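Hi,

Here is the structure I said I would pass on. Have a look at it first, then read my notes underneath.

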Amino acid sequence: TIEAATLGRRIATLIAVEQGGGPREGQFDDKVIAEEVTPDVLAITLQDRWVLGVRRRGKQLWLELGESKGGACCACLLIHMGMTGAVIVQGVA
């Protein structure tokens with residue numbers, strides 16, 4: 001499960017890309033991450049954060065993040081999986 005693969009672990013590297021789903025009317029959605037947030041900014045912001053909590057409801061995945069293992073939650077990441085969404089954790093089948 002995503003919880004078993006991530007809970008209590010540090011985000012060493014994050015690669016944020018839109019995959020699957022294909023073009024939408026010939027254009028890729030430029031708001032897949034968020035308005036004014038580029039994949040590089042997201043990766044830098046989340047790098048070295050610890051996953052303190054993992055929740056899922058339907059197609060939404062919520063990660064509670066902290067600056068230290070066992071510390072307080074200082075940021076959250078909401079991922080909407082869509083129809084073909086996936087989170088890949090390197091080194092985990």
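Below is what I found, going from the overall layout to the strands, the core and the surface.

First, a caution: this is a predicted model, so please read everything here in that light.

**Overall layout**

The protein has two helices and three strands, and from the N terminus on they come in the order α-α-β-β-β. Of its 93 residues, 17% are buried. The accessible surface adds up to about 7,100 Å², with carbon and sulfur atoms holding 52% of it. As for contacts with a separation of 6 or more, 38% of them are between residues 24 or more positions apart.

**The strands**

Strand S1 (50–57) and strand S2 (60–66) are antiparallel partners, paired over seven bridges. They make a hairpin with two residues between them, and Gly58 in that turn has a positive phi of about 60°. S2 also pairs with strand S3 (residues 73–80), again in the antiparallel sense and over seven bridges. That second hairpin has six residues between its strands, and its turn includes Gly70, with a positive phi of about 80°.

If you want one residue to follow across the strands, try Leu61. In S2, Leu61 is the bridge partner of Arg56, and Leu61 also stands opposite Ile79 in S3.

**The core**

Which residues make up the largest nonpolar core? There are nine: Ile11, Leu42, Leu46, Val51, Val54, Leu61, Leu63, Leu65 and Leu77. H2, S1 and S2 are the elements that give two or more residues to this core, and S2 gives the most, with three. This fits a general pattern: in soluble globular proteins, nonpolar side chains tend to be buried together.

Two members of the core are worth clicking on. Ile11 touches Leu46, Gln47, Asp48, Arg49, Val51 and Leu65, leaving aside residues up to four places away in sequence. Leu46, Val51 and Leu65 from that list are core members themselves.

The other is Leu42, which lies in helix H2. Is Leu42 buried or exposed? Its relative accessible area is 17%, so it counts as buried, the cut-off being under 20%. With residues up to four places away in sequence left out again, Leu42 touches Leu14, Ala16, Ile33, Val37 and Leu77. Ala16 is 26 residues from Leu42 along the chain, yet their C-alpha atoms are separated by 7.6 Å.

**The surface**

Two of the residues that Leu42 touches, Ile33 and Val37, turn up again on the outside. Together with Val41, Ile33 and Val37 make a nonpolar surface patch of about 180 Å². Val37 is found in the loop between helix H1 (2–6) and helix H2 (39–46). With a relative accessible area of 30%, Val37 is partly exposed. So Val37 belongs to the surface patch and is also in contact with Leu42, a residue that is buried.

If you only have a few minutes, I would start with Leu42 and its contacts, then look at Leu61 between its partners Arg56 and Ile79.

Cheers

Definitions and conventions:
Residues are numbered from 1 along each chain as its sequence is written. This is a predicted model: local features need pLDDT of at least 70, side-chain atom pairs count only at pLDDT 80 or more; totals for chains, interfaces and linings use all residues. Side-chain values use heavy atoms; hydrogens and water are left out. Patches are made of residues with over 30% relative accessible area and no salt bridge: like charges are joined within 9 Å, nonpolar side chains (Val, Leu, Ile, Met, Phe, Trp, Tyr) within 5 Å. Accessible areas come from the Shrake-Rupley method with a 1.4 Å probe; for residues, only the protein chains shown count as cover. A salt bridge is a side-chain nitrogen of Lys or Arg within 4 Å of a carboxyl oxygen of Asp or Glu. Helices (H or I, at least four residues) and strands (E, at least two) are DSSP runs, numbered from the N terminus. Buried means under 20% relative accessible area, exposed over 50%, partly exposed in between (1.4 Å probe, protein chains only). Contact means heavy atoms within 4.5 Å. A nonpolar core is a set of buried Ala, Val, Leu, Ile, Met, Phe, Trp, Tyr and Cys residues joined through side-chain atoms within 4.5 Å. Two strands pair if DSSP finds at least two bridges between them.
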